[in-house]
Amino acid sequence: MLNKKRLSRVFLFLVLGLFVFYYITPLYVMIVTSLKTMNEIRDGNLFSLPNAINFDAWKIAWSGRGEGTSDTYLKPYFLNSLKITIPALLISTFLGAINGYALTKWKFKGANLIFLLFLFGTFIPYQAILLPMARTLGFLGISNSPIGLILVHTVYGLGFTTLFFRNYYVSISDEIIKAAKVDGAGFFKIFFTILLPVSLPILVVTIIFQFTQIWNDFLFGVTFSFGEHAPLQVALNNMVLTSASVKYYNVDMAAAIMAGLPTLIIYILAGNYFIKGLTAGSVKG
Amino acid sequence: MATLEIKNLEKRFKQTEVLKGINLKINHGDFLVLLGPSGCGKSTLLNTIAGLESSDNGEVLINSEKVNDMEPSERDIAFVFQSYALYPAMNVEENIVFGLKQRKISKEKINQSLNSIVELLKITELLKRKPAQLSGGQRQRVAMGRALVRDPKIFLFDEPLSNLDAKLRIEMRREIKKLHKNLKTTMVYVTHDQTEAMSLGTKIAIMNDGKIEQFDTPENIYNKPDTIFVADFVGSPSMNFISGHIKKNENSFSFFNEYEKNNKGINLSKLNLEIEEGKKVFFGIRPEHIFLKKEHAVRVTKDHNFVEIEVNPELHEYIGHEQIITFNYCGQEILGKFSSSVNINIDKKMNLFIDLNSVSIFDQDTKRRI
Amino acid sequence: MYWLKKNLPKIVVAPSFAVLLWFVYGFIAWTFYVSLTKSKLLPNYEFWGIHQYIRLWQMPRWHIAVENLFIFTTLFIVLCIFIGVILSIFLDQKIRSEGFLKTIYLYPMALSFIVTGTAWKWILNPTMGIEKFVHQLGFESFQFDWLVTPGMSIYTIIIAGVWQSSGFIMAIFLAGLRSIDDEVIKAAKVDGASIFSIYLKIVLPMMRPVFMSAIVILVHLSIKSYDLVIALTAGGPGISSDMPAVFMTKMAFGRSEIGLASASAIMMFATVSAIIVPYLYSELRREQDAK
């Protein structure tokens with residue numbers, strides 16, 4: 001009986017360990033490749049370690065080679081993404097909070113229907129709105145600009161943020177709001193002095209989620225911008241896709257790591273928080 | 001201090017009627033208890049009085065002024081919630097004075113009120129703590145403090161003691177009663193616990209399915225219940241109901257147990273009731289109003305108004321200072337409550353004595369008292 | 001002034017709601033209308049009936065895209081759930097390094113599809129990637145050029161997609177497992193069931209709602225697959241790994257066929273709705289019943 005337990009425990013760790021390899025391998029390969037010279041890459045293989053740690057590829061990926069102008073490097077596009085992500089996430093998060101609050105704590109006719117429409121809106125494939133959005137941005141004169149992308153990401157983030165806050169506020173006792181009403185506090189007073197102070201968990205979840213969504217976006221970026229106004233992921237893809245005669249794999253890998261670093265860092269620092277919030281939303285639907 | 005009047009109040013939640021025409025009126029200093037089972041509408045009625053829910057029809061008048069369209073904060077009421085509803089991010093002091101701050105009351109006045117309340121409720125050491133750091137009983141007192149500090153016209157309580165353990169509940173019940181005695185403010189109190197209701201209220205409104213079954217003093221509700229529902233709801237164990245009919249002729253007016261085989265009915269002529277022959281009724285008597293010995297009956301009942309019946313004791317429950325015996329009276333169950341000092345032999349036929357003055361006869365169809 | 005106060009909640013939600021109606025539902029309606037027109041480069045609002053749809057379904061390229069979607073979705077769901085369930089069950093066995101392991105399994109979610117695609121593109125590189133590695137191990141004849149083989153390129157997308165999303169499925173299954181009442185398991189143990197059959201016959205059936213959520217999320221992710229395809233294969237070689245999302249964009253912005261593109265977009269929308277609407281309905285019903 002004891003033997004069986006030990007055996008199954010060993011089996012357990014074997015399988016779990018195998019999967020660690022499966023998930024870690026691409027990261028390992030990326031890091032290792034980005035630190036090699038092209039010669040080392042040609043001579044070695046995916047998993048071989050570099051002879052010496054060489055950050056040249058990283059420098060090139062970030063700020064280019066200096067000579068000529070034809071290659072893409074990440075720095076300006078990194079800044080573009082920041083310019084787009086931060087405002088869009090702040091606006092959509094704030095609106096989501098206020099919406100979630102209004103829809104759950106102030107019963108008015110149609111509140112449920114409105115919520116349902118928001119909910120359904122989070123599931124739509126964006127292909128169904130690409131064309132009209134492109135035309136609208138053009139009409140407003142903001143196509144191929146940070147403002148345009150901020151608008152797009154705010155609009156399509158609203159559904160998610162409202163969903164998150166609504167589900168969170170539903171579980172906060174209604175009686176607290178009633179007590180505040182009896183005490184004479186109005187709509188905004190209740191929101192800022194009573195609800196917001198206890199909303200930290202969902203705020204963190206929402207901000208992380210929105211940051212990840214917007215920072216990692218490619219579809220909107222590639223459809224509504226080009227050239228120097230493109231966000232980071234678009235630039236990354238362009239970089240990797242160049243049909244130049246020589247492919248600099250180390251630069252590509254360095255670029256990929258840099259593009260993924262912000263979300264990766266956020267995830268490592270606050271990942272568990274994030275998962276808890278997300279799964280709470282998903283499992284309940 | 002204020003009067004409260006409710007006129008024909010109706011309220012619907014989607015398709016269901018939750019309040020079906022409520023009428024009642026109380027005076028300055030009354031302690032009104034809304035008593036009833038879950039779902040009877042008592043909380044809804046309380047919320048409507050407070051202005052936290054709207055009504056579809058009817059009026060709520062505080063001090064003869066119609067308040068239907070006023071916000072809760074404008075009605076000068078205070079509300080103590082079942083879950084206490086303390087603001088989680090504020091400490092006890094901030095919780096208590098929040099309402100006063102919203103009304104822009106001066107700092108000195110706020111401090112004055114705060115200090116007197118804090119002393120009264122003995123929560124001085126708790127002032128800087130947050131609700132999460134308080135016990136259930138402490139939270140309850142803070143919730144009371146928040147209401148008291150407002151010095152309102154009417155206090156509203158929504159089952160404030162339900163979440164406390166039994167001992168604490170009895171303690172706090174007495175505290176609330178003392179409060180009412182000292183402040184003399186009008187209070188409206190919702191509960192499903194009939195002991196709480198009877199001990200606290202000056203007036204009780206028993207509610208069932210959106211309607212008021214009886215609005216009366218605790219004594220009348222106990223002694224002269226209007227309906228079977230009321231008679232059954234109040235009292236522990238509840239009133240005995242024996243099913244049967246009336247047999248009437250020139251010289252007698254009696255109640256016959258449905259399963260009565262002999263011709264021994266209960267003579268009700270002393271009650272002076274108008275009921276036609278053959279009418280199906282319930283004979284209602286509380287377990288406390290049944291006596292084991294003739295001498296007790298003679299001593300206790302007014303005008304020696306008692307009757308004798310033959311029963312067979314079947315079950316015996318000992319509760320410490322009391323005992324509850326289940327008797328078989330011609331095929332129907334009667335419960336009697338007696339002091340534990342008396343010895344009763346199970347399955348040995350015996351006689352019981354019933355105080356006729358405490359008897360209630362109910363029409364089986366209308367369920368109302370005759 | 002009183003009216004303002006009374007209706008404040010509605011006024012606050014109104015802008016967002018208006019935005020929702022316009023930019024989501026309004027736009028979808030526009031796209032739908034355009035799919036019923038002859039529009040090429042610019043919208044032509046003359047009604048043309050369902051001819052675009054007929055054109056769409058007559059195109060071999062669309063058939064390839066739909067077929068790929070089907071293959072991808074099926075394998076994607078099966079693999080993600082299989083891996084997700086196994087990992088969640090294993091992680092549920094009270095392991096000390098659970099937090100560390102969870103982080104490892106989940107981090108791919110934090111990366112964009114482009115980053116994932118770029119990394120896997122390199123790993124699956126026909127001459128420099130896995131193939132070379134295995135060669136250097138001694139197996140000279142090993143071939144792994146799925147990335148550039150027309151029939152197989154779709155499977156590379158599956159490999160990368162599963163790598164990215166299976167961790168998330170593990171996370172929601174783990175949450176679901178944790179929410180199961182301990183006492184049910186204890187009762188089963190008292191009844192003498194082995195751990196294997198406890199999981200198979202008791203726990204997994206109780207996780208039906210989680211399975212449903214997982215499937216819905218995965219189907220949704222699959223239909224939206226665009227970024228990953230572009231990064232990994234760009235729909236190629238040729239159009240062999242084309243997917244509806246890629247097809248739509250190519251038609252809309254590459255071939256100036258916005259009527260056709262709209263039709264394909266509406267097809268995608270209809271498919272998603274067919275799955276989401278019943279799912280949402282049953283979820284809301286459950287929420288109502290639980291009240």
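Among the two pairs of chains that touch, chains A and C share the most contacts, a contact between two residues being counted when their C-beta atoms, placed from the backbone, lie within 7 Å. On this basis 72 residues of chain C meet 66 residues of chain A. Helix H2 (residues 8-34) of chain C supplies the largest share of the side of chain C that touches chain A, namely 16 residues; helices (H or I, at least four residues) and strands (E, at least two) are DSSP runs, numbered from the N terminus. That side of chain C consists of 54 nonpolar, 13 polar and five charged residues, where Ala, Val, Leu, Ile, Met, Phe, Trp, Tyr, Cys and Pro count as nonpolar, Asp, Glu, Lys and Arg as charged, and the others, Gly among them, as polar.

The model is predicted, so that local features need pLDDT of at least 70 and side-chain atom pairs count only at pLDDT 80 or more, while totals for chains, interfaces and linings use all residues. Residues are numbered from 1 along each chain as its sequence is written, and chains are lettered from A and ligands numbered from 1 in the order in which they are written.

The contact between chains A and B draws on 13 residues from chain A and 17 residues from chain B. On the side of chain A that touches chain B, helix H8 (residues 174-182) of chain A gives the most, with six residues, and the residues of that side divide into seven nonpolar, two polar and four charged. Chains B and C, by contrast, do not touch, and their nearest C-alpha atoms are 10 Å apart.

Chain A itself contains 13 helices and zero strands. Its radius of gyration, taken over C-alpha atoms, is 24 Å, whereas a compact globule of 285 residues would have one near 19 Å, by the rule of 2.2 Å times the number of residues to the power 0.38. Of the 285 residues in chain A, 49% are buried, that is, have 20 or more other C-beta atoms, placed from the backbone, within 10 Å of their own (12 or fewer is exposed, and in between is partly exposed).

An automatic or database domain assignment divides chain A into domain 1 (2-54) and domain 2 (75-284). Their centres, taken over C-alpha atoms, are separated by 34 Å, and their contact takes seven residues from domain 1 of chain A and seven residues from domain 2 of chain A. On the side of domain 1 that touches domain 2, H1(A) provides the largest share, four residues.

In chain B, seven of the nine residues of helix H1 (residues 42-50) are buried, so this helix is largely enclosed by the rest of the structure. Lys42(B), Leu45(B) and Leu46(B) are among those buried residues, and these three are also among the contacts of Leu34(B) beyond its neighbours within four places in sequence. Leu34(B) is in turn one of the residues that touch the most other members of the largest nonpolar core, which has 267 residues; such a core is a set of buried Ala, Val, Leu, Ile, Met, Phe, Trp, Tyr and Cys residues joined through C-beta atoms within 7 Å. After H1(B) comes Gly51(B), with a positive phi near 95°.

Elsewhere in chain B, strands S17 (residues 322-329) and S18 (residues 332-339) run antiparallel and are joined by eight bridges, two strands being paired if DSSP finds at least two bridges between them. Phe327(B) stands opposite Ile334(B) in S18(B). The two strands form a hairpin with two residues between them, and Cys330(B) in the turn has a positive phi of about 45°.
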